[in-house]
Structures are given as structure tokens and as C-alpha cells.
Amino acid sequence: GTSNPLIPAFPSLTEKGYSYPPEVVGDGGIPFGVHIVVSGPVYGNSLTSIAFNVESGATTQSTTVIATRSLTIAQLQVAGAHYWIPVPGNSVLEFLRWNAVNTPANNGYVGSIYSWWGPKCGGEQ
């Protein structure tokens, strides 16, 4: 729920794209990615889903989507749910970030999540 999609802990600021369905996915042999944990259930007026886009690039801005995963409002209402977006290392350029795209495009929701970049650690969906 922030207007600044950059996560300072990421190794870069540029973006890349990649898509996965909302159900549990395999990692395809990809050991690193983005972890998303629902720490406070997300509720919103007409909010149906949020797409998390992992983006990378070779310049000062990450604008190329390299991985995407859309989570439904039902998935985002499960406190403690741990989702993972595998990100192929060969797609990561100098800068890396992720952003959240609401469907429909509005900011009228509450809830909280936290996220980090790292290896798959078990228990992720």
C-alpha cells in the first residue's frame, strides 16, 4: 500500500518480468526469488487481486518485468501466508525491484505484507 515500490534491500533498482499463476507453483530449479508474507489480512473496497511484478534493468530504473505473480484477495486475507516468486538469475541485471499493481486500480484497501529477496527456504506457496 505504498506509492514507492522500491525495496532498499534488493541488490538493484531495475526491473524484469516473469509470470506465475496464483496457485502453488514449482520453482523450476530456480533457487532465488521474492518472498511475500501476509502480516495483516488485506481488505479493500472492490479489490480483487494484486499482481506483484519483479522488475530489473541495466540502468538507474528497473522497468522491465522479469517475473510476475498475481495473488487474489482471498489469498491476501490469510495472515501468515508465505508466497514465493521464483526469479531466474540470468534475467536480473544491475538493478532489481518489485511493485504491486492493484486490480481494479485503486488504493482503497488496508492490510500489510512484508517481503525480501532470497533463496527458497521451505513452506512457501
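**Note on aromatic pairs and the nonpolar core**

1. Y114 has a relative accessible area of 44% and is therefore partly exposed, a class that lies between buried (under 20%) and exposed (over 50%), with a 1.4 Å probe and protein chains only. W116 is likewise partly exposed, at 31%.

2. This is a predicted model, in which local features need pLDDT of at least 70 and side-chain atom pairs count only at pLDDT 80 or more, whereas totals for chains, interfaces and linings use all residues. Residues are numbered from 1 along each chain as its sequence is written, and side-chain values use heavy atoms, with hydrogens and water left out.

3. The structure holds three aromatic pairs, where rings of Phe, Tyr and Trp (its six-membered ring) pair if their centres lie within 6.5 Å, and planes under 30 degrees apart count as stacked, over 60 as edge-to-face and the rest as tilted. One of them, F32 with W117, is stacked, at 6.3 Å centre to centre and 20° between the planes. Because F32 lies in strand β2 (residues 32–44) and W117 in strand β7 (residues 109–119), this pair ties together parts 85 residues apart in sequence; strands are DSSP runs (E, at least two residues), numbered from the N terminus. F32 is partly exposed at 38% relative accessibility, and W117 is partly exposed at 25%. Y114 and W116 also form a stacked pair, with 6.0 Å between centres and 20° between planes.

4. The largest nonpolar core (buried Ala, Val, Leu, Ile, Met, Phe, Trp, Tyr and Cys residues joined through side-chain atoms within 4.5 Å) has 20 residues, of which V34, F52, V54, L76 and I85 touch the most other members. Strand β2 gives the most to this core, with four residues.
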